[in-house]
Structure formats: structure tokens, C-alpha cells
Protein chains: 2
Amino acid sequence: MADYTLRLTRTVSMARPRKQKKPDHLKRVLAALETGEPAAVRQILTELHPADIAHVLEGLPPEPRVKVWAQVDIQRMGEVLLELPEAVRADLVKLMDDQALVAAAHALDTDDIADLLPDLSDEVIAEILFALDKQDRQRLDAVLSYAEDTAGGLMNVDTITVRENITLEVVLRYLRRRGELPEHTNQLFVVDRSDRVVGALPVARLLTTEAYRRVSAVMERDVIKFAALAPDKEVAAAFERYNLVSAPVVDENNRLLGRITVDDVVDVIREEAERAVMAPAGLSEDEDILAPVVRTSRKRAIWLGINLVTAFIASAVVGLFEHTIEKVAVLAVMMPIVAGMGGNAGTQTLTVVVRGLALGVVSEANARTVLMKEFMVGALNGLLWAVTVAIVTVAWHHNYLVALALSLAMVINLVFAALSGVIIPVLVRKMGVDPAVASGVILTTVTDVVGFFAFLGLATLFLT
Amino acid sequence: MADYTLRLTRTVSMARPRKQKKPDHLKRVLAALETGEPAAVRQILTELHPADIAHVLEGLPPEPRVKVWAQVDIQRMGEVLLELPEAVRADLVKLMDDQALVAAAHALDTDDIADLLPDLSDEVIAEILFALDKQDRQRLDAVLSYAEDTAGGLMNVDTITVRENITLEVVLRYLRRRGELPEHTNQLFVVDRSDRVVGALPVARLLTTEAYRRVSAVMERDVIKFAALAPDKEVAAAFERYNLVSAPVVDENNRLLGRITVDDVVDVIREEAERAVMAPAGLSEDEDILAPVVRTSRKRAIWLGINLVTAFIASAVVGLFEHTIEKVAVLAVMMPIVAGMGGNAGTQTLTVVVRGLALGVVSEANARTVLMKEFMVGALNGLLWAVTVAIVTVAWHHNYLVALALSLAMVINLVFAALSGVIIPVLVRKMGVDPAVASGVILTTVTDVVGFFAFLGLATLFLT
């Protein structure tokens with residue numbers, strides 16, 4: 001079934017039509033590896049786009065990964081590295097000698113080199129800089145002077161600028177002489193003598209307007225632009241909201257520094273999304289799913305250790321009521337229910353609020369309204385499930401007092417869960433920590449402690 | 001601090017420079033609402049981009065939301081509706097009379113109208129269709145004949161096509177006469193007499209090549225194109241991987257149907273990301289954070305009900321050992337630890353595997369390798385924390401046999417958790433269910449049941 005006819009534009013040698021629904025490159029590479037012929041692997045890799053090679057590498061365990069990496073064309077290594085998650089990239093970079101690294105970097109654009117540098121040693125960086133011409137070195141410097149997660153760190157420096165007093169005819173002639181436009185050039189930037197951005201000339205307008213007109217007459221004067229220090233998340237939000245393809249980056253004097261393009265923004269959005277999914281489980285967004293066992297175990301152990309401490313706290317709360325449980329063992333049977341329901345209800349509120357904070361839908365202006373709403377939802381669901389568990393408990397254990405303690409504890413814990421689900425992420429964020437990482441652990445500790453304490457405490461009151 | 005100088009291109013009236021770091025439109029609207037002057041609200045809204053108005057509406061509770069909606073310019077209502085999460089959109093559409101809906105739709109492009117239609121009544125749809133001219137009606141039909149989550153459902157129909165035997169000069173003259181290009185036109189499509197796609201002419205090449213040359217001589221022959229039935233997720237992955245701005249959609253005979261642009265793809269990526277975050281907590285990706293309390297309670301109750309059933313299953317397992325707990329109450333104190341640690345470790349594995357499946361890094365080709373790896377990680381971390389809890393238990397409760405049962409149960413549960421974390425999502429996916437939704441509930445049921453059974457079972461063996 002050719003319901004997905006994907007062919008490649010970039011290089012003719014890569015342009016084989018793919019007939020399968022989803023070509024499983026990994027399977028092919030694994031089969032080639034089994035033949036023991038490095039040339040067979042190399043042959044497959046030459047047909048693949050760098051992004052596809054990265055995908056294959058990511059799906060391989062450490063040992064075959066190294067074998068396959070050795071078969072990647074050195075000219076394309078740089079592009080493949082850029083497409084890999086950081087953890088995998090760092091591993092492969094360690095395997096390359098300095099010469100190979102310099103060669104791989106040399107095949108890249110300056111802004112892409114900047115993305116690779118954090119993984120490289122000082123000597124290699126020096127060599128790479130040495131191999132660049134003066135203009136490229138200056139460009140690289142410009143990008144490197146900003147943090148990775150800012151507009152400045154995200155920008156390319158390959159902008160095309162024009163002056164406002166020339167005609168479109170002149171612009172067209174200039175472009176034709178230039179011979180090529182940087183990728184994703186949907187507008188040229190109009191700057192004054194001091195390189196200050198005064199407007200933008202959309203390429204579409206250049207094509208549809210009579211050539212005798214002046215740039216100043218047809219350019220857009222109101223350009224969405226970004227300060228170099230603007231956080232990448234805000235850049236992504238603006239691109240998304242205003243459907244941008246490219247936008248200029250300026251310094252505090254409105255002087256043009258570079259240009260952000262939508263392909264880099266898509267990567268930011270994807271990374272942000274990965275973080276939102278992975279962080280609540282104590283994982284980083286560039287998890288290497290096939291990393292060596294010991295490394296993965298060590299990374300995960302930290303998270304499990306934190307959770308063990310919170311488990312001991314909850315356990316200590318249960319310990320307070322050991323004597324009650326000795327007398328009424330059925331309490332031990334029912335106690336996981338209250339704690340568990342609190343955890344689930346709280347996690348729902350938490351998930352909604354954490355996303356709301358990240359997307360800016362929840363802010364100071366409406367946090368109190370959200371809190372009130374979640375409180376009501378918690379109370380309503382608490383009542384509903386209190387009645388349900390009471391009926392089940394009476395039917396199962398024929399114990400009215402346990403049922404009463406259980407249902408009261410359910411209401412208390414679901415209300416606490418709802419309030420915690422709003423308050424915890426807001427506080428965590430105020431302390432400058434990503435709410436997605438820390439909120440979940442704190443929340444389940446609260447719902448465990450409150451759940452156990454309320455249920456066993458009430459049971460102690462009623463039954464002893 | 002003007003570190004984020006955002007100004008708007010689209011309309012001059014919207015183009016006010018914003019001096020704050022992040023303009024809090026919601027705060028301003030809330031303040032205006034308090035004055036009780038509808039005109040004050042309207043004034044703020046006229047300054048805002050439709051996407052910003054949508055953002056404000058999303059952050060408001062039902063009652064003020066309706067009040068603010070009443071102040072949105074009817075010409076812009078369509079665009080605002082498009083930017084809202086489905087749940088909010090459906091609510092607001094219900095408030096509009098047929099005439100207003102037809103007017104709002106009329107201000108939109110045909111492909112955007114298609115996105116609105118699912119929320120509209122048959123009569124309104126008929127009226128909207130009636131108000132369109134023949135060409136637009138045909139365009140709308142073309143988009144509507146494909147499911148929303150396919151390339152066909154995602155496409156616009158505003159393509160510009162050229163023939164390969166004409167010169168660039170002719171193309172340029174045609175574009176100038178046309179007067180305007182559709183948004184995100186980075187390439188024109190080259191088609192033959194039967195509308196079959198034979199190539200693409202990048203706008204950049206049109207600008208940089210001598211005008212006497214023929215289209216056939218300068219066009220790209222290998223175009224990344226999508227079958228109309230290709231899933232939107234695959235379209236998004238291809239856009240991301242190959243850095244596309246636009247791509248043609250074709251039918252099974254390679255005939256051009258329309259064009260997908262990067263702004264719509266960004267929305268697909270964002271939606272997918274929302275789903276990945278929300279689904280594990282039993283939430284939908286277009287959660288309305290300020291929906292009425294009763295509606296939210298009802299939606300969440302279903303999820304809590306499912307979790308309650310699983311909690312009763314775990315509780316029943318504990319019930320099997322009620323007599324043991326009667327004799328050794330400290331077991332009740334320690335039992336949440338084993339279950340909790342299993343849940344945490346399993347969730348880590350699960351999160352990594354679910355993402356791996358979604359991104360295609362985990363596939364049939366390497367599922368067994370991933371399983372083996374996670375098994376080893378589970379065993380290693382099981383051993384580590386078994387020793388730790390044994391030491392703590394001896395120090396705290398001075399009971400060697402409980403410590404032994406606890407540590408053995410820890411190893412067993414962490415190994416089970418690791419295996420479940422891989423097997424459950426793979427099986428769930430095979431059954432055609434989104435692994436992100438159902439896997440978590442099943443996993444924690446397994447880790448609770450195994451954790452309680454192993455710990456209390458071993459303790460019963462050792463202690464009674």
C-alpha cells in the first residue's frame with residue numbers, strides 16, 4: 001500500500017521511492033549487521049537521510065550502535081549527530097578522534113556547529129575555529145554568546161538584508177547575482193545604515209509587486225521580532241500563535257543579529273513536549289532508551305531513592321496506628337484505597353494545572369478561580385466515591401464503622417488532593433523549579449499521608 | 001524590561017509595541033470586566049490578535065467567558081474559534097445564532113471552515129455552503145471528504161500550479177498578475193495536463209535563476225508528497241525530519257489535491273504532545289480548565305471509577321492475608337513501600353517505552369532488546385533498594401524476617417514492574433488502543449497486586 005509516498009528532495013542519490021507503508025530501516029540494518037559485512041550496512045546508510053540514520057542509531061543497543069556509526073559517511077556525521085538525543089550524541093562524539101570531529105563539523109553551517117560544541121573538548125573546538133574563515137568564526141561567536149535556550153542561541157546568522165530606498169528591481173538583481181537563498185527565507189529584512197531593523201520585505205510581495213516600486217513602499221513596517229535574550233519557549237509560542245516561518249533577532253538597540261526559522265522552532269516545541277511527558281517520571285527529555293544497563297540503573301536509582309524516602313514517610317504515618325491495625329486488621333485491607341484514590345484525583349488536577357501554567361492559560365490572574373473550581377470538583381467526586389466505597393465495604397466486610405471512616409477519609413483526601421494539585425505546582429514554579437518535575441512526588445506524598453492519617457485516625461476514634 | 005519585543009505584522013491597528021515582559025491580557029480583561037463597561041472589554045479585544053483573544057477566553061470561567069465572547073468582533077469570531085480547544089469552542093458555538101455563525105464562517109478560508117464544521121448543526125452547514133461560490137464549495141467538499149487526522153483533512157486547496165514547459169519569465173508575470181500568494185508559499189507545484197505532480201519550483205529558485213530558463217530545467221523533480229489518506233502523525237514526522245514548509249497532497253494517481261503547510265503541522269505536533277501528557281491521567285488533550293464544575297466532575301469520575309476498581313483488586317489481595325496482618329501488624333506499616341516502589345519503577349520504564357513507541361524508536365525489531373535491558377535495570381535497582389529497605393527495617397522494627405520478606409518482595413516487584421513496563425504498552429498498542437491512555441492503570445494494578453502478594457505471601461511463609 002503506497003498510502004505514504006515519501007520521496008526526498010535533497011539529494012538525488014537518496015531519492016528512492018518507498019513502497020512500504022512505513023519503511024523499517026532498523027530491521028534492514030539489523031539484518032545487514034547479521035551478515036557480518038560492514039559494506040552491507042554502509043550501503044543501506046548511504047540511501048538514508050541523516051535524520052533516518054539517527055533514528056536507526058537511537059534504536060540500537062550500545063555495541064551494534066558503535067558498529068553502525070563506524071559505517072556512516074564522515075561528511076554526514078555532523079548532520080546525523082545533530083538529529084540525535086544529547087545522551088546518544090555525547091557517546092558517539094567520545095568515539096571520534098579529533099580529526100574526524102573537525103571534519104564532521106566542517107561540513108555543517110555555523111549555527112549547526114554551535115549546537116555541537118557543548119559536546120566537544122576545548123582542543124577540538126579550537127581546531128574547528130581555526131579551520132573556519134574569519135566571517136564564519138565571527139558568526140559562530142555571535143551565536144555562542146547566547147545561552148542555548150534563548151532566541152540568540154536559536155538563531156542563524158545567514159540573513160539577507162536590503163535598504164529601504166532601493167527598488168524591487170535592484171533587490172531582484174541582487175538576489176539573482178547572489179545565486180542562492182538561505183533555507184526558509186520567506187522575507188528579507190530591511191535595515192538602516194546602523195543595521196537597525198526597520199521592516200521586512202516578504203518574498204511573496206517581491207514576486208507579486210511591480211519591480212519599479214521602492215522597498216519602503218511595499219515592506220511590512222511592523223515585524224514580529226525577538227530580543228536575543230528572549231526565552232526559546234516564548235519564541236516557540238509566538239511562532240505557533242502567529243504562524244511564522246522566520247523572524248529577526250535583534251539586540252537592545254534593535255540592531256539585526258540573526259534570524260530564527262520555523263524548523264528550529266519545531267525542535268523547541270518537540271523538546272518541550274518531551275520534557276512535559278518525561279519529567280513527571282523523573283526522566284530527562286533526551287533519554288537514551290538503549291543506554292548501557294548500569295548507566296540507566298544509576299540514573300533511575302536517584303528518582304527511586306527520592307520516592308523511597310516519601311514511601312517511608314507514608315509508612316511512618318501508618319506506623320502511628322499499628323495498635324489499631326493489630327485490633328482491626330481489615331483497616332490494612334482498605335487503607336490503600338483511600339490513598340490511591342487521592343493520588344489519582346490529585347494527579348488529574350495536577351496534570352491540568354501544570355499544562356495550564358506551561359501554556360500560560362493558568363496565571364496569577366485566575367489561579368484562585370482554578371483553585372475554587374478544583375476544590376468543588378474534589379468535594380463532589382469525594383462524596384460520590386465515599387458513598388460507593390461505603391456500600392462496598394458494608395457488603396464485603398459488614399463493618400459500618402470502617403465504612404464510615406473510609407467514606408469520610410475519602411472526602412477529606414479528595415479535597416486535599418484537589419487543593420494540592422493546584423497549590424503545589426504554583427508554589428514549585430514560584431521557587432524557580434519546573435513544576436512538571438517535582439510536583440508529582442510531593443503530591444502523592446501529601447495524598448498518601450493525608451489518606452492514611454485520615455482513614456486510620458478516624459478508625460481509631462470510632463473503633464477503639 | 002523589553003526583552004521580548006513582539007509586534008504584530010498582520011493588521012496595523014494591532015501593532016502596538018508591548019513593553020512588559022509578558023503582556024497579561026487576561027488581567028486587563030478581568031479589570032475591564034469589573035468596571036461593568038462592555039465597551040472597555042471590546043476596546044482591549046480590538047487590540048488583540050485572534051490567538052490572544054482565544055487565550056484570554058480559555059483562562060476565564062464560564063460566565064465571564066460568555067460576556068467577553070459577546071464583545072468579540074463578529075468578523076474575527078471565526079478565527080478566534082479556530083484557536084480554541086475543542087471543548088471551549090463547542091460551548092461558544094452553541095451560544096451563537098445561525099446568522100452569526102454563517103457570518104463568522106464567511107470570513108474564513110475554505111480549509112478553515114472545514115475545521116469548524118464538526119461543531120455546527122446541519123442547517124448552519126447548509127447555509128454556509130449556500131453562501132459560498134461554486135469554486136469554494138468544491139474546495140470545501142474536497143477537504144471534507146477526508147478524515148480530520150489525515151493528510152487530506154489537513155490540506156489547504158489554495159495551491160499555485162505551473163506547467164513545466166513555460167519559462168520563469170512567464171511564471172513571474174503570472175504571479176504579478178495574480179497579485180498575492182497564499183500564506184507559506186515556498187514552492188509552486190509543477191503539474192502535467194492531468195494535474196499530476198511532476199515537480200516543484202522553489203520560490204527561492206524563481207528569484208535567483210535567470211528568467212529565460214524553463215521550469216523543467218530548474219524545478220525539483222523529487223518532491224516529498226503525501227497521499228491524502230496518510231495519517232497526520234506521519235505527515236508531522238516527515239515535516240519535522242525534512243524541515244518542510246509546504247508539501248503537496250496527491251491522490252492515488254499522483255494528481256494534486258492540495259497542500260499542507262507547516263503552521264498546520266505545528267498544531268498537529270502540539271496536539272500530539274498534549275495528548276501524550278494528558279492521556280496517562282485519563283484526561284483529554286483539549287481539557288477546558290475552567291469548565292463548569294459538574295461537567296468536569298462527571299468527566300473525571302469515570303477515570304476515578306476505573307481506578308477504584310483496580311484499588312479494590314489490590315485490596316482484595318491484601319484481604320487474603322488479613323490473618324497474617326492480625327498477628328504481625330507491622331506488615332501493614334511496610335506494605336505500601338513495596339507496592340509504591342514497584343509503581344514508580346514501572347512508570348519510568350512505561351514512560352520511556354510509550355514515548356519510544358510513539359516516536360518509532362521502539363519497534364518490533366528491537367522490542368526484545370528493550371525488554372532484556374529493562375529486566376536487568378529492574379533487577380539491579382531491585383537489589384539496591386532491597387538492601388536499603390532491609391537495613392532500614394531492621395533498624396526501625398528490629399524484625400529480621402520482615403526485612404527479609406520486604407527485600408525479596410522488592411526485587412520480585414521491581415523485576416515485574418520492568419517487564420510490565422515494556423510488555424503492557426506493546427500489547428495495548430497491538431490491540432489498537434493508544435498505549436498512553438490505558439497502560440498506566442494496568443501497570444499500577446500489576447505492581448500493587450504483585451507487591452502486596454509477594455510481600456504478604458513471603459511474610460506469611462516466614463512468620464506463621
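**Reading burial, packing and pairing in a two-chain model**

Student: What makes A:D195 count as partly exposed?

Tutor: A:D195 has 15 C-beta neighbours inside 10 Å, and since a residue is buried at 20 or more and exposed at 12 or fewer, A:D195 falls in between and therefore counts as partly exposed. Please keep in mind that this is a predicted model. A:D195 is placed in the loop between β2 (187-191) and β3 (197-202) of chain A.

Student: What is there to notice about phi of A:D195?

Tutor: Phi of A:D195 is near 70 degrees, which is a positive value in a residue other than glycine. Most residues other than glycine have a negative phi. Chain B offers another case in B:H184, where phi is near 60 degrees and again positive in a residue other than glycine.

Student: How do you know whether B:H184 is buried or exposed?

Tutor: The count of other C-beta atoms within 10 Å is 22 for B:H184, and the cut-off for a buried residue is 20 or more, so B:H184 is buried. This residue, B:H184, is found in a loop, namely the one between α12 (168-178) and β2 (187-191) of chain B.

Student: Why is B:E58 called buried?

Tutor: B:E58 has 23 other C-beta atoms within 10 Å, and because 20 or more are required, B:E58 is called buried. B:E58 has its place in helix α3 of chain B, and, leaving aside residues up to four places away in sequence, B:E58 touches B:L84, B:P85 and B:V88 as well as A:V361. The C-alpha atoms of B:E58 and B:R89 are separated by 9.5 Å, although the two residues are 31 residues apart along the chain.

Student: What makes α3(B) oblique to α5(B)?

Tutor: Helix α3 (residues 50-58) and helix α5 (residues 74-83) of chain B pack at an angle of about 60 degrees, and their axes are 8 Å apart. Angles under 35 degrees count as roughly parallel and those from 65 to 115 as roughly perpendicular, so the angle here makes α3(B) oblique to α5(B). The crossing in which α3(B) passes α5(B) is right-handed. From α3(B) the contact takes B:P50, B:A51, B:I53 and B:A54, and from α5(B) it takes B:R76, B:E79, B:V80 and B:E83. By type, the residues of this contact divide into 5 nonpolar, no polar and 3 charged.

Student: How do you know how α17(A) is oriented relative to α22(A)?

Tutor: Helix α17 (residues 293-319) and helix α22 (residues 435-463) of chain A pack with their axes 9 Å apart and at an angle of about 10 degrees. Since angles under 35 degrees count as roughly parallel, α17(A) is roughly parallel to α22(A). Among the residues that meet here are A:I306, A:N307 and A:T310 in α17(A) and A:V441, A:T445 and A:D448 in α22(A). The residues of this contact divide into 10 nonpolar, 3 polar and 1 charged.

Student: Why is one side of β4 and of β6 of chain B left without a neighbour in the sheet?

Tutor: In chain B, 3 strands form an open sheet in the order β4-β5-β6, with mixed pairing. β4 (226-227) and β6 (256-261) stand at its edges with a single partner strand each, so one side of each has no neighbour in the sheet.

Student: What makes the pairing in this sheet mixed?

Tutor: β4(B) and β5(B) run parallel and are joined by 2 bridges, whereas strand β5 (residues 246-250) of chain B pairs with β6(B) in the antiparallel sense over 5 bridges. In the parallel pair, B:F226 has B:V249 of β5(B) as its bridge partner. In the antiparallel pair, B:V250 stands opposite B:L256 and B:S246 stands opposite B:T261. β5(B) and β6(B) form a hairpin with 5 residues between them, and B:N254 in the turn has a positive phi of about 70 degrees.

Student: How do you know that β5(B) is mostly covered?

Tutor: Of the 5 residues of β5(B), 5 are buried. Helix α16 (residues 262-278) of chain B lies across β5 and β6, at about 65 degrees to β6(B).

Student: Which helix gives the largest share of the side of chain B that touches chain A?

Tutor: In total, 120 residues of chain B are in contact with 120 residues of chain A. On the chain B side the largest share, 16 residues, comes from helix α19 (residues 330-359). The residues of that side divide into 67 nonpolar, 29 polar and 24 charged.

Definitions and conventions
Residues numbered from 1 in each chain as written. Chains lettered and ligands numbered in written order. Predicted model: local features only at pLDDT ≥ 70, side-chain atom pairs only at ≥ 80, totals over all residues. Axes fitted to C-alpha atoms, helices over the stretch in contact; angles between N-to-C directions. Helix = DSSP H or I, 4+ residues; strand = E, 2+ residues; numbered from the N terminus. Parallel < 35°, antiparallel > 145°, perpendicular 65-115°, else oblique. Left-handed = near helix turned anticlockwise from the far one by under 90°. Contact = placed C-beta atoms within 7 Å. Nonpolar A, V, L, I, M, F, W, Y, C, P; charged D, E, K, R; others polar. Pairing = 2+ DSSP bridges.
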